[in-house]
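Thank you all for coming to this short talk. Please have a look at the structure on the screen, and then I will go through a few parts of it with you.

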Amino acid sequence: MASTTSPFLSVSKLDFPFLSSQRNITFSKENLHQVKMPRRMSKFSGFESNGFILFSSLSGQIGEGSFPSPEATANNNAPEVQVQSRIWNWRGYSIRYQHAGNSGPALVLIHGFGANSDHWRKNIPVLAKSHRVYSIDLIGYGYSDKPNPRQFGESSFYTFETWGTQLNDFCIDVVKDEAFFICNSIGGLVGLQAAVMEPQLCKGIILLNISLRMLHIKKQPWYGRPLIRSFQNLLRNTDVGKYFFKTVATPESVRNILCQCYHDTSQVTEELVQKILLPGLEPGAVDVFLEFICYSGGPLPEELLPQMKCPVLIGWGEKDPWEPIELGRAYGKFDSVEDFVVLPNVGHCPQDEAPDLVNPLVESFVARHAALSASISTAT
C-alpha cells in the first residue's frame with residue numbers, strides 16, 4: 001500500500017508518471033466477457049472461476065491445459081488450505097514469511113510500503129490450491145527484523161536494491177526454484193528490481209497498482225530539490241518525524257488512511273486495521289518509516305520495465321486516489337507489458353479489496369506462461 005501520510009501504506013502521492021495508454025482490458029465480475037483487446041493479441045481464452053468467466057490475451061496458440069480447470073480454481077468443497085508462518089534467516093536477520101501449497105508453479109507475493117504478508121491473506125489460501133505460494137515480509141516491515149538505518153552510516157539500507165536482493169535470495173534459499181512475482185504498489189518496484197538483477201529467477205510479474213514515485217528526485221524541478229532535502233532532514237534528524245509517526249500509528253488514523261485508498265470501505269475491517277497497525281508498533285518501525293519516506297532516489301518503473309526479460313501484466317484499480325489510472329496507463333505501452341487490465345470500482349490494494357478479481361487474474365497469467373515454458377522445454 002502507499003501513502004505519503006502513513007507508515008502503513010505504500011508511498012503513494014510520492015509516485016506518478018506522465019503518459020497515457022490506449023491498450024487495456026476492462027475486467028469486472030459482472031462483465032468480464034466485454035473486454036477491450038490490447039494491442040498485441042491474437043486469441044482470447046477463457047475459463048470459469050468462482051462463478052464468472054475470466055478472459056486473458058496471448059499472442060499465439062494456447063496449448064491444452066494452459067488454464068486451471070474449474071475444479072482446481074473454484075472448488076469450494078476442497079479441504080481448507082493450511083497457511084504456515086515461518087522464519088528465514090537472511091544475512092543474520094530474521095525474516096517472516098508465509099507459505100501454503102505443495103504443488104504447481106511457485107508464486108512469491110510482495111506487499112507495499114508499511115504493509116506485510118498478511119495483506120495477502122485473502123489470496124494465499126485460494127492460490128495455494130494449485131500453486132506453491134509464498135508471501136514475504138520485506139526487511140523493515142511486518143514481523144521481519146528492522147535494523148536501524150543509522151547503523152549503516154552514509155549508505156542507504158532500505159532501498160529497492162536491498163529488497164530486490166532479499167527477494168532473489170529468498171527464491172534461491174527458500175523457494176528453491178524460479179517463481180512468478182505478484183506485487184502491490186511499492187512491492188512492484190521490488191519485483192522489477194529483483195528481475196533485473198537476476199532475470200533467470202523470475203518467470204513473470206504481475207504489478208497491481210505499482211507505485212509511480214511522483215516525489216522521486218528526478219521528477220522534481222531543480223529549484224524545489226533543496227527544499228525537499230531540507231524537509232527530509234527535518235523528518236529524519238529531529239523529533240518532528242517521530243511526532244508525525246506517532247500521529248498516524250493509531251487505529252483511527254490507519255482506518256482513515258485505508259478508507260482513502262479502498263474504494264469499497266466495507267473491506268476496511270477491524271481485522272485489516274490490526275494487521276497493518278500492529279507490526280508498525282514494533283521496535284524500529286519508526287526509523288524504517290522515516291528512512292523510506294525520505295528515500296527519493298533509486299529506480300523508477302519506467303526505467304525498469306524496458307529491462308524486463310519476462311512477461312509483465314499490469315492490473316490497476318481504477319478508483320485508486322493515490323496512483324491515478326490515467327497516469328498508470330502509460331506503462332501499458334512498454335513492450336514487456338502484455339496486458340494492462342482495468343479493475344473497475346477498486347482502489348489501491350486490489351488483492352485485498354477485490355480478491356475475486358485478482359485471484360483468477362493471477363491463475364490465468366501463471367497457467368498461461370507455465371504452460372508455454374513447459375512447451376518450450378519439451379520442444380528443446
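I will speak about some strands, then the nonpolar cores, and finally a few helices and loops.

Before that, please keep in mind that this is a predicted model, in which local features need pLDDT of at least 70 and side-chain atom pairs count only at pLDDT 80 or more, while totals for chains, interfaces and linings use all residues. Residues are numbered from 1 along each chain as its sequence is written, and side-chain values use heavy atoms, with hydrogens and water left out.

Let me begin with strand β7, residues 132-136; helices (H or I, at least four residues) and strands (E, at least two) are DSSP runs, numbered from the N terminus. How many of the residues of β7 are buried? The count is 5 of its 5 residues, where buried means under 20% relative accessible area, exposed means over 50%, and partly exposed lies in between, with a 1.4 Å probe and protein chains only. In a regular strand the side chains alternate between the two faces of the sheet. In β7 both faces are covered, with R132, Y134 and I136 buried on one side and V133 and S135 buried on the other.

Two strands pair if DSSP finds at least two bridges between them. Strand β5, residues 93-100, is joined to β7 by 4 bridges and runs antiparallel to it, whereas strand β6, residues 106-110, is joined to β7 by 5 bridges and runs parallel. Y134 is a useful landmark here, since H99 stands opposite Y134, and V108 stands opposite Y134 as well. Moving along, β4, residues 84-90, is joined to β5 by 7 bridges in an antiparallel arrangement, and S85 stands opposite Q98 in β5. The hairpin of β4 and β5 has 2 residues between the strands, and R91 takes a positive phi near 55 degrees there.

R91 also brings us to D169, in helix α3, residues 160-175. D169 touches W88, W90, R91 and V174, not counting residues up to four places away in sequence, where contact means heavy atoms within 4.5 Å. D169 counts as buried because its relative accessible area is 17%.

Now to the cores. In soluble globular proteins, nonpolar side chains tend to be buried together. A nonpolar core is a set of buried Ala, Val, Leu, Ile, Met, Phe, Trp, Tyr and Cys residues joined through side-chain atoms within 4.5 Å. Which residues touch the most other members of the largest nonpolar core, which has 63 residues? They are V108, W163, F170, F181, I205, L207 and L305. A second, separate core of 24 residues includes I182, V341, A354 and V366.

Helix α9, residues 285-293, is largely enclosed by the rest of the structure, because 9 of its 9 residues are buried. Among them are D287 and E291, alongside residues such as V288 and F292.

I will close with two loop residues. Phi of S185 is near 55 degrees, a positive value in a residue other than glycine, and phi of N345 is likewise near 55 degrees. S185 is found in the loop between β8 and α4, and N345 in the loop between β11 and α12. Is each of them buried or partly exposed? S185 counts as buried at 0% relative accessibility, whereas N345, at 45%, counts as partly exposed.
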